[in-house]
Amino acid sequence: SDTLRCIAPPSLEQTGTSVALTITSHEAEVHSTIVYHYLPRPIVVTAFPRVGPVRGGTLITLDGVGFVNSANAFCLFDAGIATSVIYRSPTRLQCVSPVAQSTCVDASGCHQLAGQTDLVDWTAEPRQLSIFYDGSAPPSDDDAVPFHYQTQPRLNKLLPERGPIDGGSVLRILGFDFSNRSAELGYTRCRFNLTQVPASMINTT
């Protein structure tokens, strides 16, 4: 079959709408029942959590406006890195962060590409997380929120290693790659089996 390509003009309405598509050639017109659907502009306002490990797999909840239940919608982690969207409501979506060393756009999910494993770029600066539709222009940073990747922290020593059964001991945990951003957001916790308590950052080492 033959194929034509055209770029959709801006909608005259700010909300989503549907329009009939007609093909013209000089003075001839070809009418059909084909309908093109304009979707509202998706804007991400908040995300939770806003940090995740470089191994990926973080379930992120996005709140905003203009969300549509569409198979063509994707979460975009900067240009060229996308994962599928889980639709919850017109104001809420979810997506899973890809592994930090991957670069991909794939409707079935995110797949690693060999030779692109520079984690420094991923942890030094946040990724701009936004929603886009397949075939559309990338959204601007004004419609996105930052998402920070962090390396896996390593724990070396606990001081003191013992304390009274009543609790209350102030513990110092020594290690590497503790996340300042996670601490600033109040995400950092110490977990004693099933019990979690807040942790405060002294320094990153």
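R92 counts as partly exposed in this predicted model, because its relative accessibility is 37%, a value between the 20% and 50% limits that separate buried from exposed. Its side chain meets that of D63 in a salt bridge, with a distance of 2.7 Å from N to O. The pair links distant parts of the chain: R92 belongs to strand β11 (residues 92–96), D63 belongs to strand β7 (residues 59–65), and 29 residues separate them. D63 likewise counts as partly exposed, because its relative accessibility is 23%.

The count of salt bridges comes to four. Side chains of opposite charge can pair when their charged atoms come close. Another of these contacts joins the side chains of R41 and D143, again with 2.7 Å from N to O. This pair also connects distant parts of the chain, since R41 sits in the loop between β4 (35–38) and β5 (43–48), while D143 sits in the loop between β12 (127–133) and β13 (145–150), 102 residues apart. The two partners differ in their surroundings: R41 counts as exposed because its relative accessibility is 52%, whereas D143, at 6%, counts as buried.

A further salt bridge is local. E184 pairs with R181, and the closest N and O atoms are 3.4 Å apart. Both residues lie in helix α2 (residues 180–184), three residues apart, which is about one turn of the helix. With a relative accessible area of 60%, E184 is exposed; R181, at 24%, is partly exposed.

Aromatic contacts come next. The count of aromatic pairs comes to five. The ring centres of Y36 and Y38 are 5.0 Å apart and the ring planes stand at 90°, so this pair is edge-to-face; the angle lies over the 60 degrees that such a pair requires. Y36 is partly exposed, with a relative accessible area of 39%, while Y38 is buried, with a relative accessible area of 16%. F147 and Y149 form another edge-to-face pair, with 5.3 Å from centre to centre and 85° between the planes. Here both partners are buried: F147 has a relative accessibility of 0%, and Y149 has a relative accessible area of 3%. Ring pairs also bring in F77, so that F77, F147 and Y149 are linked into a cluster.

On the surface, L4, L21, I23, V30 and I34 form a nonpolar patch, and together these residues have about 470 Å² of accessible area. One of the members, L4, is found in the segment before β1 (17–20). L4 counts as exposed because its relative accessibility is 70%, which is over the 50% limit.

The cysteines remain to be considered. A disulfide is a covalent bond between the sulfur atoms of two cysteines. The count of disulfides in this model comes to zero, because no pair of cysteine sulfur atoms meets the cut-off of 2.5 Å. C6 and C75 have contrasting exposure: C6 counts as exposed, because its relative accessibility is 64%, whereas C75 counts as buried, because its relative accessibility is 0%.

Note on methods. Residues numbered from 1 in each chain as written. Predicted model: local features only at pLDDT ≥ 70, side-chain atom pairs only at ≥ 80, totals over all residues. Heavy atoms only, no water. Buried < 20%, exposed > 50% of the residue type's maximum accessible area, 1.4 Å probe, protein only. Patch = residues over 30% accessible without salt bridge, like charges linked within 9 Å, V, L, I, M, F, W, Y side chains within 5 Å. Areas by Shrake-Rupley, 256 points an atom, 1.4 Å probe, with all protein chains shown as cover. Helix = DSSP H or I, 4+ residues; strand = E, 2+ residues; numbered from the N terminus. Phe/Tyr/Trp six-rings, centres within 6.5 Å; stacked < 30°, edge-to-face > 60°.
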